[in-house]
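Biologist: Hey, I'm new to this one. Can you pull it up and walk me through it?

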Amino acid sequence: MVKLNKIYTKTGDDGTTGLAAGPRRLKHDLRVESYGTVDETNSAIGVARLHMSDMPEIDTMLMRIQNDLFDLGADLSTPETDEPLPYEPLRITDHQVEGLEHDIDLLNADLEPLKSFVLPAGNAASAHLHLARTIARRAERLMVALSREQGERVSPAALKYVNRLSDLLFVAARYANDKGRGDVLWVPGKNR
């Protein structure tokens with residue numbers, strides 16, 4: 001159970017922040033950048049949800065994803081170590097990855113086939129979903145970089161989750177654009 005009594009603690013005034021297990025890291029540390037960008041993705045999804053009033057099926061998916069992204073943040077803020085923790089850390093699971101795959105397949109079944117790359121445009125819902133997608137891709141790049149750092153670990157399920165998330169956001173953006181019929185397609189060399 002999370003309990004927040006005081007929002008400011010002043011402990012971060014020195015440019016550090018505490019991880020869930022207690023150790024402090026610089027605020028520009030790659031692990032902190034990773035879970036911070038996951039949080040940014042979550043916020044962008046929250047803005048996209050403002051445009052889902054006529055798409056309750058996508059809104060339900062996004063609400064579940066927002067909760068999963070807090071799980072992902074908890075996973076990333078509790079580095080795996082060889083030392084046991086006094087509690088069971090929250091980790092992303094393969095079941096959560098499979099949930100994204102199910103939703104991707106469900107949405108993609110109704111989409112017009114792609115004939116070109118899609119520009120991040122269309123209606124407001126689609127544009128916001130594309131923005132969330134690009135932020136998720138940045139989170140993924142940071143998490144992969146973190147996983148390659150000596151002494152750092154990122155679970156395979158967490159990496160799969162963030163990769164599938166950007167796929168889902170792409171498909172959801174197309175779905176929000178009248179199931180792909182409203183997609184704005186890239187025309188190579190159009191303005192030469």
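Modeller: Sure, one term before we start: helices (H or I, at least four residues) and strands (E, at least two) are DSSP runs, numbered from the N terminus. This is a predicted model, where local features need pLDDT of at least 70, side-chain atom pairs count only at pLDDT 80 or more, and totals for chains, interfaces and linings use all residues. Residues are numbered from 1 along each chain as its sequence is written, and side-chain values use heavy atoms, with hydrogens and water left out.

Biologist: OK, how many helices and strands are in the protein?

Modeller: The protein has 5 helices and 4 strands, and along the sequence they run β-β-α-α-α-β-α-α-β.

Biologist: What share of the residues is buried?

Modeller: 41% of the 192 residues. Buried means under 20% relative accessible area, exposed over 50%, and partly exposed in between (1.4 Å probe, protein chains only).

Biologist: And which residues of α1 are buried?

Modeller: Among them are Val32, Tyr35, Val38, Ile45 and Ala48.

Biologist: Does the length of that helix add up? What span should α1 have?

Modeller: α1 (residues 30-49) has 20 residues, so at 1.5 Å a residue it should span 28 Å, and its end C-alpha atoms are 29 Å apart, which agrees. The expected span is 1.5 Å times one less than the number of residues.

Biologist: Switching topic: where is phenylalanine 117?

Modeller: Phenylalanine 117 is in the loop between α3 (94-108) and β3 (118-119).

Biologist: Buried or exposed?

Modeller: Phenylalanine 117 counts as exposed because its relative accessibility is 61%.
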